[in-house]
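Open the model in your viewer and set it to cartoon. The tour starts at a sheet, moves to the helices packed on it, and ends with the whole chain.

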Amino acid sequence: MATEYTSRGTMRAVLFEGKPFEMVVRDVPKPKIQMPEDAIIRVTASAICGTDLHTYHGQLGSSEVPWIMGHEAVGVVVEVGSGTEFFQVGDRVVIACIPDDGHLASQPTVVPSLTCLGLGKDFGDVDGTQAEYVRVPYADDSLIKIETQNSHDDLNYLFLFDILVTGWQCLDFAGFQAGDAVAVFGGGPVGLLCAHSALLRGASKVFVVDHVPARLAKARSIGAVPIDFTKEDGDKKLGAADQILALHPEGVMRCCDCVGYESLNPELKPQPDYVTKEMVKVASVGGGIGVVGVWGKIPASKGAPNADSLPSTVDFPVADFWFKGLSYKGGAADIVGLSPKILQLVETGRAQPDFIISSEVGIEDVPEAYSRFDKKLETKVVIRLPWEWQSHNRAGEASPRQQNDSSDTPNAVVGPQHP
């Protein structure tokens, strides 16, 4: 089944062209149905994620450029392939950041295979969601239908298929049980949603470690205890673990690393092993450590020119780890597997992840938003793509932007250069 959803063959999209610290907005061809199981989604809200910043820094992505960025989105189905059974035109949906790839893995593999939206061709033949439209493969297993017709409610669903599940699973990796005290390292979007999840799941105490005042304020607003790991006592930096132990001398049973290789020490200088050492120090005997902060390393290429700067090993305090009998587990979250369960928490209003949003922008303002997010001037940026002309029966009606710009000449908006 197909419907004509616009008369113009191009759309606006955010692209990475291989220049670190620069994103552009260009006119690109609209996606088309390629396989019977595909669906085309008109994106109504997308977002900038910490993973997108790894690309922005030139450290993560495909060897060939350019590609469309983004992997978080909600939207409306505007076209479906003949093999799509469960979705139809007009359905409001959340898109999986890691869509189904149509393959059944019958044997374990040494190297994981990862299909992910918004990272280019090396991560599956799928474009990103920071665009007006996106093709979703294997739609029946890569979308979740949402019943809300209120665009503001969309924002609680927006984070379901990525960072909310990621924060939730970090607790699983750590072995969380109700009643445990938790220390979350990193107060970015994933860390804040990890803390939110811990409180929903019955944690006795939740500490959030960061140094950005706005992030720490959001942690406090949901009932977590903010810990500024750059805090000083005279000329001495107190550090994260010592501050938590001063408030909670028995330590915490669960530690969550929502930072990864971008770990900073109290002097705000890169130190990849800082979070790891602080977690081992503050963890109680028999406790667990979960890691969802990115530690991936890929070869340098046109799409990831700075990939060689990433560490592949860290100095690990194995003696203390062994003596305390700790566990350590990490990796990518089971996005598709966990989302249906967590969906119920969003639908009932118990999980309200939209508290992390600091601003909403239009697609033309995304390059500047990347710069602000990178400088930690934003906690979470949402990209709004309003669709006031939502009657799908008015085939061929142009959007307000298209009515004002009928030219097919490429028009680029380029973000500021990193200082």
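Begin with the open sheet of 6 strands, ordered β11-β10-β9-β14-β15-β16 and paired in parallel. Strands pair here if DSSP finds at least two bridges between them. Helices (H or I, at least four residues) and strands (E, at least two) are DSSP runs, numbered from the N terminus. Select 225-228 and 327-330 next: these are the edge strands β11 and β16, and each pairs on one side only. From one strand to the next, the twist averages 20°.

This is a predicted model, in which local features need pLDDT of at least 70, side-chain atom pairs count only at pLDDT 80 or more, and totals for chains, interfaces and linings use all residues. Residues are numbered from 1 along each chain as its sequence is written, and side-chain values use heavy atoms, leaving out hydrogens and water.

**Inside the sheet**

Select 181-185 and 252-257. These are β9 and β14, parallel strands joined by 4 bridges. Show valine 182: its bridge partner in β14 is arginine 254.

**Helices on the sheet**

Now add 160-174. This is helix α4, which packs on the sheet and touches β9, β14, β15 (283-291) and β16. Touching, or contact, means heavy atoms within 4.5 Å. The direction of α4 makes about 140° with that of β15. Axes are lines fitted to C-alpha atoms, for helices over the stretch in contact; angles run from 0 to 180 degrees between N-to-C directions.

Add 274-282 for helix α8. It also packs on the sheet, touching β9, β14 and β15, and its direction makes about 150° with that of β15.

**The β11 edge**

Select 205-210. This is β10, which runs parallel to β11 and is joined to it by 4 bridges. Valine 208 stands opposite proline 226 in β11. Then trace the chain from β10 through helix α6 (residues 213-221) to β11: this β-α-β crossover is right-handed. That term means that, with the strands pointing away from the viewer, the path from the first strand over the helix to the second runs clockwise.

**A helix pair**

Return to α4 and add α10 (residues 335-347). They pack at about 100°, with axes 9 Å apart. That angle makes the two helices roughly perpendicular (65 to 115 degrees). Show side chains: among those meeting here are Phe161 and Trp168 from α4, and Ile342 and Leu345 from α10.

**Zoom out**

Finish with the whole chain, which has 12 helices and 19 strands. Of its 419 residues, 55% count as buried (under 20% relative accessible area, 1.4 Å probe, protein chains only).

Notes: Buried means under 20% relative accessible area, exposed over 50%, partly exposed in between (1.4 Å probe, protein chains only). Angles under 35 degrees count as roughly parallel, over 145 as roughly antiparallel, 65 to 115 as roughly perpendicular and the rest as oblique.
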